[in-house]
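Work through the two exercises below with the structure open. Each solution goes step by step.

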Amino acid sequence: MTPPDDTAAPSWDERLRGYREQLACGFPQVGEVFEDCMREALAVLSAEGVAGYLDTARFLGGMGRGVEPLLAFLEEWPPIAKLVGEAALPAVTASMHALWKSPNAKAITPFLQSLAAVARRLPSRQQLQRYLDLTQEFTARTTGSIHGIHQTFASPGLPDFLAQAPTLLNQLSISGLRNWVDYGIRNYPNHPERQRDYFSLKSADSRAVLQRERRGTLLVDKERLLDLYLRGLWGDSTQLVPYPADPDEPQQRPLPYYDASGIRLPDVLDDAHGVSGIDRYRATLAHIAGHRRWSTPMFADNCSPMQRLAIEVFEDSRIETLVMRAYPGMRRIFLALHPTPRAGACDPETTSCLRHRLSMLSRALLDAEHGYQDAELLKFVRHFHETMAQGESGSEAIAELALAYIARTRRQSDQLANIHFADSEVGYRDDNRHLWRFHELSDDEEMFDEQRPTTAAADVDRLPPRHYPEWDYQSQSYRPDWVSLYESLHPAGEASKIDRLLEKHAVLARRLKRLLDILKPQDKVRIRYQEEGSELDLDVALRSLIDFKGGASPDPRINMSHRTDGRNLAVMVLLDLSQSLADKVKVGASGGEQSILELSQEAVSLLAWSIEQLGDPFAIAGFHSDSRHDVRYLHLKGYSERWGDVVKARLAAMQAGYSTRMGAAMRHAAHYLAAQKADKKLLLLLTDGQPADVDVHDERLLIEDARKSVEELDQQGIFSYCINLDRKADDYVGDIFGRRYTVIDNIERLPERLPELFMALTR
């Protein structure tokens, strides 16, 4: 009889029982997953690695934070170790120990739950170590202390940051993530709620900094160019609205679309398939603009989902055919971005192949050299091109062709739940929600679209927005691309109104004329051969008349103008058009009332007349704001325009409204003033109050931003000066402009004082 072999290897049950004893944990939830976790761990870890795995798990089970951290570690560490190596465990364990010893023990669970996703984005030990270092630095900088010695309060934003870390690393490099974290910590060290909003990606500030740090082509950087492209080539002024997009996970990204609020585009696009990000945006806009021009909505109630899918593919192909007729250069971009499905890639016995067949058809309709041999596909490609050869066709006609295609090619397997998606998504196309209408309206988006007000006529002619930063004095840093500024030409009124105002001040004008004659340079230089000018050039005019009488083409440049060499100055007059200008003030001995806006019109008209007499190039603009998203900059007179009825008509139509976001307006005015070729550049600001806006509750914020904008102008060589009509202006205007301001308490004297101040400044 053979004695039992005491050295035989223990069974799996015995080994598992030994591992469970080593874990020394009594949580019943662990028993449900422990065997599967150990099988996975033994497949990727060495014996030493398994020992470290169980030791760390035992620590998590005994630290008094419940079962969640333990379960997260047991399930997540084996795949993490497979990516970065089991040697990374001591650093991970040290990070958890540091959190446990601080007031941030609750953050261990989100740290572990997101660690596997983080490791997939940082698949090396060195990269993961940088993330762990950043986490510890974050903890140290945001954990509070009462006396500055021992940490007392948990970090408000740490759990949110750890939960968002995978999303952030999908869009940022580790250095970009560090910059993003640093901005949030610097700006919100003493604001727990705002810190949580920032690190949970809920605040606009957070998303703005995220965009700044992202790679790829950002919509915010190209918005103005794309808006001009849409207007110039398609005559479409629809607003462009970004939505968050993950450039690394295109299958999880929603498709572009448009609705009553604008065209929705991903906020970032990478270069792909040899096509730049900006050209990918152009392809999407061309496709959507084509739909807006040529597509007609159809009722969806009587169509099955498969029929609707086919109609959308055929209609998309019709639109792209029309787009390429108008702009043949789009064919190269469409061909590069459209996927090329492989014939036979889908098994119709086990998979629904409808999307695959439609993708092949879509490619064949776009590419004459598609190479497909399917008889039905070739037949419908021919029918499609025959239909399009007759003209633009229409949505209904193409829908009939799509329904015929479905009827001829449908298979029983098209109903299967297992759908072939590979090479079936055309990323530059929209989701076609605009193609469908429903007989029964309830709470669908379409019902709300009908109730939305259309864009105001005054906003249609606005140029695409320019984005400007704004200074945050609390963090001593800029908020990037914080303000959206829209510029437009001011509507016109009756020029005769300004003429009447000038007649009202005829006596003052004569007195100003004498002062202007003293300031006016005498060394004028004639500029001949001008189609428009201040006087007739007799020599050229007579020669043109002789040519005309002799049957030759006369020279139209029969005028001349003058410029001065002794006064090299460019001026920008910037007017605050906020609601407070509508306030009434008493004027004259009779006690009559006049609005501040009317007095401003008189003063600016006299000032403009005075500058015109001196021959200085000058421009006039007004501004007001309705939150940081809508700062309005209105051109009243450009540098190339003469002082005349056109400019007077715009001045006559000035109206008061909204708020005063001064810093953004000054930065934009400086954009035009800096382009002038002059030795001296003067920005003259006329306002009746301090900077303020509806979305700002800290009154110092916009004052400090305006002060910062003045500093920026100084660096550009632009001298800024403020004329303030607020009796309380001494409390804040000096903080913005230093000593370069004048407060006019007696507002009725504004028409007299404004030209005099200008002459004193430019003497």
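**Exercise 1: Cysteines**

By the rule used here (a pair of cysteine sulfur atoms within 2.5 Å), the count comes to one disulfide. The model is predicted: local features need pLDDT of at least 70, side-chain atom pairs count only at pLDDT 80 or more, and totals for chains, interfaces and linings use all residues. Residues are numbered from 1 along each chain as its sequence is written, and side-chain values use heavy atoms, with hydrogens and water left out.

Task: find which cysteines form the disulfide, and describe the link.

Solution.
- Step 1. Cys346 pairs with Cys353; their sulfur atoms are 2.0 Å apart.
- Step 2. The angle about the S-S bond is -85°, and the link of Cys346 and Cys353 is left-handed.
- Step 3. Both Cys346 and Cys353 are buried (under 20% relative accessible area, 1.4 Å probe, protein chains only).
- Step 4. Cys25 is in no disulfide; the nearest cysteine sulfur belongs to Cys37, 12 Å away.
- Step 5. Cys25 is buried too, at 12% relative accessible area.

**Exercise 2: A helix pair**

Task: describe how helix H8 and helix H9 cross, and name the residues in contact.

Solution.
- Step 1. Take H8 as residues 158-169 and H9 as residues 174-187 (DSSP runs of H or I, at least four residues, numbered from the N terminus).
- Step 2. Their axes come within 11 Å and cross at roughly 135°. Axes are lines fitted to C-alpha atoms over the stretch in contact, with angles from 0 to 180 degrees between N-to-C directions.
- Step 3. That angle makes H8 oblique to H9 (neither under 35 degrees, nor over 145, nor 65 to 115).
- Step 4. Contact (heavy atoms within 4.5 Å) involves Phe161, Leu168 and Leu169 of H8, and Ile174, Leu177, Trp180 and Val181 of H9.

Terms used. Helices (H or I, at least four residues) and strands (E, at least two) are DSSP runs, numbered from the N terminus. Buried means under 20% relative accessible area, exposed over 50%, partly exposed in between (1.4 Å probe, protein chains only).
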